[in-house]
Amino acid sequence: MSTIISKYLTLLVIVLSIVLGFVLPQVGLLWKPYLTVLLMIFMFSLTLSIEPSQIVRSISDYRIVGIGLFTVFVLMPSLSLVSRIFFS
């Protein structure tokens, strides 16, 4: 049983967090003032595992970077504006 938990620990934490968020939304409101700081720490910790050679390699492959930036900053906002008419 412990090998299953250790193998799927991240998935288990995510599912339990979602369930607790729906069952006890008041608990999540306690974290609201600290949410920005927690997200900044989370994003910074993700960048710690990036090697400088990976950054150079991603810059040299500018086409994929351009497609990603286009998707995030042009395509997705455009789709949200178009889909706005279907939702109140």
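**Group meeting: a six-helix chain**

Okay, let's start with T10, which you'll find in helix 2, residues 9-23. Before I go further, keep in mind that this is a predicted model.

So, is T10 buried or exposed? T10 is exposed, because its relative accessibility is 60% and the cut-off for exposed is over 50%. And if you jump from T10 to L81, you cover 71 residues along the chain, with 34 Å between the two C-alpha atoms.

Let me zoom out for a second. The chain has six helices and zero strands, so reading from the N terminus you get α-α-α-α-α-α.

Now the overall dimensions. The radius of gyration of the chain is 19 Å, whereas a compact globule of 88 residues would come in near 12 Å. If you prefer a box, the C-alpha trace spans about 45 × 45 × 30 Å along the principal axes.

What share of the 88 residues is buried? It's 0%. The accessible surface adds up to about 8,500 Å², and carbon and sulfur atoms own 78% of that.

Next stop, L35. This one sits in helix 4, residues 35-47. L35 is partly exposed, because its relative accessible area of 45% lies between the 20% and 50% cut-offs. Measuring across to S17, which is 18 residues away along the chain, the C-alpha atoms of L35 and S17 are 15 Å apart.

On to helix 6, residues 62-83. Helix 6 has 22 residues, and from first C-alpha to last it reaches 30 Å, close to the 32 Å expected at 1.5 Å a residue. Where does helix 6 bend? At T71, by about 40 degrees.

While we're in helix 6, have a look at V65, which is also placed there. V65 is partly exposed, because its relative accessibility is 37%, again between 20% and 50%. Pair V65 with K7 and you have 58 residues in sequence and 33 Å in space, C-alpha to C-alpha.

Last thing, since somebody always asks: confidence. The mean pLDDT of the chain is 86, with 99% of the residues reaching 70 or more. Which element has the lowest mean pLDDT, and which the highest? Helix 1, residues 2-7, has the lowest at 77, and helix 6 has the highest at 92. So the helix with the bend at T71 is also the element with the highest mean pLDDT.

To wrap up, we've got six helices and zero strands, a radius of gyration of 19 Å, and 0% of the residues buried. That's me done.

Notes
Residues numbered from 1 in each chain as written. Predicted model: local features only at pLDDT ≥ 70, side-chain atom pairs only at ≥ 80, totals over all residues. Heavy atoms only, no water. Helix = DSSP H or I, 4+ residues; strand = E, 2+ residues; numbered from the N terminus. Rg over C-alpha atoms; globule rule 2.2 N^0.38 Å. Buried < 20%, exposed > 50% of the residue type's maximum accessible area, 1.4 Å probe, protein only. Areas by Shrake-Rupley, 256 points an atom, 1.4 Å probe, with all protein chains shown as cover. Expected span 1.5 Å × (residues − 1). Bend = angle between axes of the 7 residues up to and from the residue. pLDDT = per-residue confidence, 0-100.
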